[in-house]
Amino acid sequence: MAHAMSDDQVAGELRKMTAFIRQEALEKAKEIQIKADEEFAIEKSKLVRQETSSIDSEYEKKFKKAGMSQQITRSTLANKTRIKVLSARQELLDKLFEQARGKLAEYSKDKGKYQELCKNLILEGLFAMNESKVVVRARKEDYDVVKKAIESAKDEYKKSLDLKELKVDLDEKNPQPEGCSGGVSVVGGAGRIDINNTLDERLKLLETDALPMVRTSLFGKNVNRKFSD
């Protein structure tokens, strides 16, 4: 037959149970705290990585933007400088040809040289035209010189091609316009073909054909230019 526990025994059992429950509670609380600390550490690390990645990404965007801005600025400055240089060069070339244009009229003052020039210009027209009948147009003040040049050119042309018949007349009804610097035009094909060998026209051709050579002589060879225009 079981004996009833005394009050002291009951109190002792209660203390043991209380101590056990308290110990269980402490251990459970410790486990919860450890788990909470681990989860906090993981979440903290995740947040730090996210923020670091965001900062790195933002920095990279700003760095690229700054680099692009610098490239645009350098390109803009280079283009502006290039345009200024090209503009200054073109201005110099324009002045050069303008000075040459101003001196064209002076060439006709030396009658001997000018007659020889007119003869060669007429000859060039005759060879290009290849006709037995042409007319020559010149300035009114050059008629005497051009008439002599025509005779010389006729003789030389006939000899070179062994021709007997060749008619070259001075068209006194249609002189070169006012302001013409000199030279001649050779007209054939019943007036349909006009070879303009005036000094003004020859200078225009020189501006186009000799421009690359003149540019190179004045400014040196452009290493970036692939073709000589």
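A disulfide is counted here when two cysteine sulfur atoms lie within 2.5 Å of each other. Keep that cut-off handy for the first exercise. The model above is a predicted one.

**Exercise 1. Work out how many disulfides the model holds, and where its cysteines Cys118 and Cys180 stand.**

Step 1. Start with the chemistry: a disulfide is a covalent bond between the sulfur atoms of two cysteines.

Step 2. Apply the cut-off, and the count comes to 0 disulfides. For Cys118, the nearest cysteine sulfur belongs to Cys180 and is 10.0 Å away.

Step 3. Now look at burial, for which the limit is under 20% relative accessible area. Cys118 has 0% relative accessibility, so this residue is buried. Cys180, at 11%, counts as buried too.

**Exercise 2. Find what Lys119 pairs with, and say which parts of the chain the pair ties together.**

Step 1. Look for an acidic partner: Lys119 forms a salt bridge with Glu156, with the closest N and O atoms 3.0 Å apart.

Step 2. Place both residues. Lys119 sits in helix α2 (residues 111-129) and Glu156 in helix α3 (residues 143-161), so the salt bridge ties together parts that are 37 residues apart in sequence.

Step 3. Check the surroundings. Lys119 is buried at 11% relative accessible area, while Glu156 is partly exposed at 38%.

**Exercise 3. Trace a salt bridge from Lys147, then find the network that includes Lys119.**

Step 1. The side chain of Lys147 meets that of Glu172 in a salt bridge, 3.4 Å from N to O.

Step 2. Lys147 belongs to helix α3, and Glu172 to the loop between β2 (167-170) and β3, so this pair links parts 25 residues apart in sequence.

Step 3. Both ends are partly exposed: Lys147 at 38% relative accessibility and Glu172 at 43%.

Step 4. Now for the network: Glu116, Lys119 and Glu156 are joined into one by salt bridges that share partners. Overall, the count of salt bridges comes to 9.

**Exercise 4. Describe how strands β3 and β4 pair.**

Step 1. Strand β3 (residues 183-188) runs antiparallel to strand β4 (residues 193-198), and 6 bridges join them.

Step 2. Pick a facing pair: Val187 stands opposite Asp194 in β4.

Step 3. Follow the turn. The two strands form a hairpin with 4 residues between them, and Gly189 in that turn has a positive phi of about 60°.

**Exercise 5. Identify the residues of the nonpolar surface patch that includes Met17.**

Step 1. Met17 is in helix α1 (residues 7-107).

Step 2. Together with Val10, Leu14, Phe20 and Ile21, Met17 makes a nonpolar surface patch of about 510 Å².

Conventions
Residues numbered from 1 in each chain as written. Predicted model: local features only at pLDDT ≥ 70, side-chain atom pairs only at ≥ 80, totals over all residues. Heavy atoms only, no water. Patch = residues over 30% accessible without salt bridge, like charges linked within 9 Å, V, L, I, M, F, W, Y side chains within 5 Å. Areas by Shrake-Rupley, 256 points an atom, 1.4 Å probe, with all protein chains shown as cover. Salt bridge = Lys/Arg side-chain N within 4 Å of Asp/Glu carboxyl O. Buried < 20%, exposed > 50% of the residue type's maximum accessible area, 1.4 Å probe, protein only. Pairing = 2+ DSSP bridges.
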